[in-house]
Every structure is written in structure tokens, then in C-alpha cells.
Amino acid sequence: MGKRIVIALGGNALGKNLPEQMAAVQNTAKAIVDLIEEGDDVVIAHGNGPQVGMIQEAMTQLTRAYPEKYIPCPLSVCVAMSQGYIGYDLQNALREEMLNRGIDRGAATVLTQVEVDPEDPAFKYPTKPIGAFMTKEEADKLVKERDYRVVEDAGRGWRRVVASPKPQGIVEIDTIRSLVATNHVVIACGGGGIPVYPTEGNHLKGAAAVIDKDFAAARLAEQLDADALVILTAVEKVAVHFGKPDQKDLDELTPETAAKYIEEGEFAPGSMLPKVEAALQFAQSGPGRESLITKLELASDGIQGKTGTRVHA
């Protein structure tokens, strides 16, 4: 029997705009269907950092241009929009690739809400980068004009940051389970999920936040009782002394070694750090569970133990 695998797709697997995305998902689908062809059940979560920023900027411009027609669009609604349009491209690419290989399985996107704690400290200290990279001058202008919070992102430029609360539970988990049980490839928790919290009665209210997709994928994997969490990124393995002459790639991480490297500041916040933390969270959530961090095109080799960084308790 195959494994039940939850995959967390990084932004490099989706492109930065619609034309790039339509091309990128074709390669992404090939790598994912490699796993499906081996008999594994696959559930896919993905990021939306560039996309949700683009959507909110477009909605903001529309509101300013036509204030008599449009009202501001909440960030939670922008996350929902990003789930729809990314899922549309991704599920079609997966369907096409599976049919090309003679695989008779459905692919479906679930508009997914993820519950957060409204008292999460993250709402006071925004850290999640969204939107396009900017120069320092462009970032300073947005801070002055729109009261945005911005950070320098791993030497690649400046980006807006918003709150990133930890996911508490997947609202549509029963729907996702049902689809997996009926042989579907499921796309869920897009952009980390639509952040919501319960209010009066049974109402769920959207939160002005973006949930980190790696932590959402870890929670999804836990609730699905998955065998493995695969976090796909731009590098083959997690490394210490990254980008330096003495860079060392890691074949495995345990809670002890990870804690040591985290304390030494080896993993960049907003980049590799949440991936390592999410991988550890899942690996420690139950017996026999492991995580893998590697490149998209090496996912199949990584599952077979040939490459990547294996994370286990």
C-alpha cells in the first residue's frame, strides 16, 4: 500500500503572476503525479504570498478609484480569492497530467477555513511577508502612506508583513477526509487557509491575517493521520551556515539538533525557520510520522530516502 502524504508547495512552484503560474503548475503537476503513480494518496497545501498581496492591492486600487461602487476587501476574503484561482490552475494541471498517464483519479480544490485564536500574539507582532518584493524607497512610501509594516526578506528586497497566527484546526477536515477516501487528489488549506475564529452562535468571522502554509500543512497532516509531510522549497536540503564557504547540508534533523541550530540562529525567520518548525511539529505529533524538506523536482527521490532533509522525532 502507498503512503498518505501531505505536500506543502512553496511559492517557487506557483510563479509570481498568472502567466508564470499557468506555466509553473505544469511542472508542479508532473512532480506530484510521480508520487500518485507510485500509489500514494496525496493532499496538497500551498502558499499564496505573492498572489494574496496582488489581489489585495488590486482591490485597494479599485476601491480608491470607485469609492461609490466598492468597499474595502478584507484580507480573509483575498485569501479565499487566492485559493480559488490557484486551485483552479493546479487541479486542472493535475487532472491533465493524470489522464496523460492513464490514472483515473479526480482532483478537487476545497475552499478551506482554518481556525485561529483571536488572542494569538501574532496579531500584535506581524511577521508574515506577502505581496511583491520592493526597494527600500518603495517600502518606505507604503509605510508613510498606508501605515504598512515592512521587513527586509532574506536579502531579496522589502515586503509587507501581516499577522501570522498559528492554525488551531481545519474547519472542512471531514470534507477533505471524504474526498481522500473516494480516491481524489485534494488541494486544501490554500495560502495557509482562510483564517477564521468563532464568535456568537456558530458564526465564523474572518481574521485580518495570513496563516503560514507550512504550519497549516502540518496541522492538516496531523488531522488526516498522514504518514508523511513533505515541505517543498527552493533547495535540496536544509543547510547550516547557508550561503557561506562552510555551508553544510543536513541529511536529517531531530528535535535536539534542530533546537541547537534554531538557538544559534541558523534558520532565517520567514524562510527556512517555519519550515523546520512545522516539519518538527508533525514528526513529533505521533509515532511513525516523518517530515521531508526538499526541492519540488526531487520529491519522489526524497520519499524514497535518496535525498532531502528527513525530520523525525
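How many bridges join strand E12 to strand E16, and do these strands run parallel or antiparallel? In this predicted model, strand E12 (residues 228–233) and strand E16 (residues 290–295) are joined by 6 bridges, and the two run parallel. One bridge pairs Ala228 with Glu290 of E16.

Both strands belong to an open sheet of 8 strands with mixed pairing. Its order is E3-E9-E2-E1-E12-E16-E17-E15. The edges are taken by strand E3 (106–109) and strand E15 (252–253). Each of these has a single partner strand, so one of its sides has no neighbour in the sheet. In general, strands of a sheet pair through backbone hydrogen bonds, and the pairing is either parallel or antiparallel.

Two residues in other strands can be set side by side.

| Residue | Strand | Relative accessibility | Class |
|---|---|---|---|
| Asp249 | E14 (residues 248–249) | 43% | partly exposed |
| Ala132 | E5 (residues 128–134) | 57% | exposed |

The classes follow from two cut-offs: a residue is exposed over 50% and buried under 20%, with partly exposed in between. Asp249, at 43%, therefore counts as partly exposed, while Ala132, at 57%, counts as exposed.

Asp249 is also one of the members of a patch of negative charge on the surface. The residues gathered there are Glu38, Glu236, Asp249 and Asp301.

For Ala132, a distance can be added. Ala132 and Asp120 are separated by 12 residues in sequence, and their C-alpha atoms are 26 Å apart in space.

Notes. Residues numbered from 1 in each chain as written. Predicted model: local features only at pLDDT ≥ 70, side-chain atom pairs only at ≥ 80, totals over all residues. Heavy atoms only, no water. Patch = residues over 30% accessible without salt bridge, like charges linked within 9 Å, V, L, I, M, F, W, Y side chains within 5 Å. Areas by Shrake-Rupley, 256 points an atom, 1.4 Å probe, with all protein chains shown as cover. Salt bridge = Lys/Arg side-chain N within 4 Å of Asp/Glu carboxyl O. Lys, Arg positive; Asp, Glu negative; His and termini not counted. Charge placed at Lys NZ, Arg CZ, Asp CG, Glu CD. Helix = DSSP H or I, 4+ residues; strand = E, 2+ residues; numbered from the N terminus. Buried < 20%, exposed > 50% of the residue type's maximum accessible area, 1.4 Å probe, protein only. Pairing = 2+ DSSP bridges.
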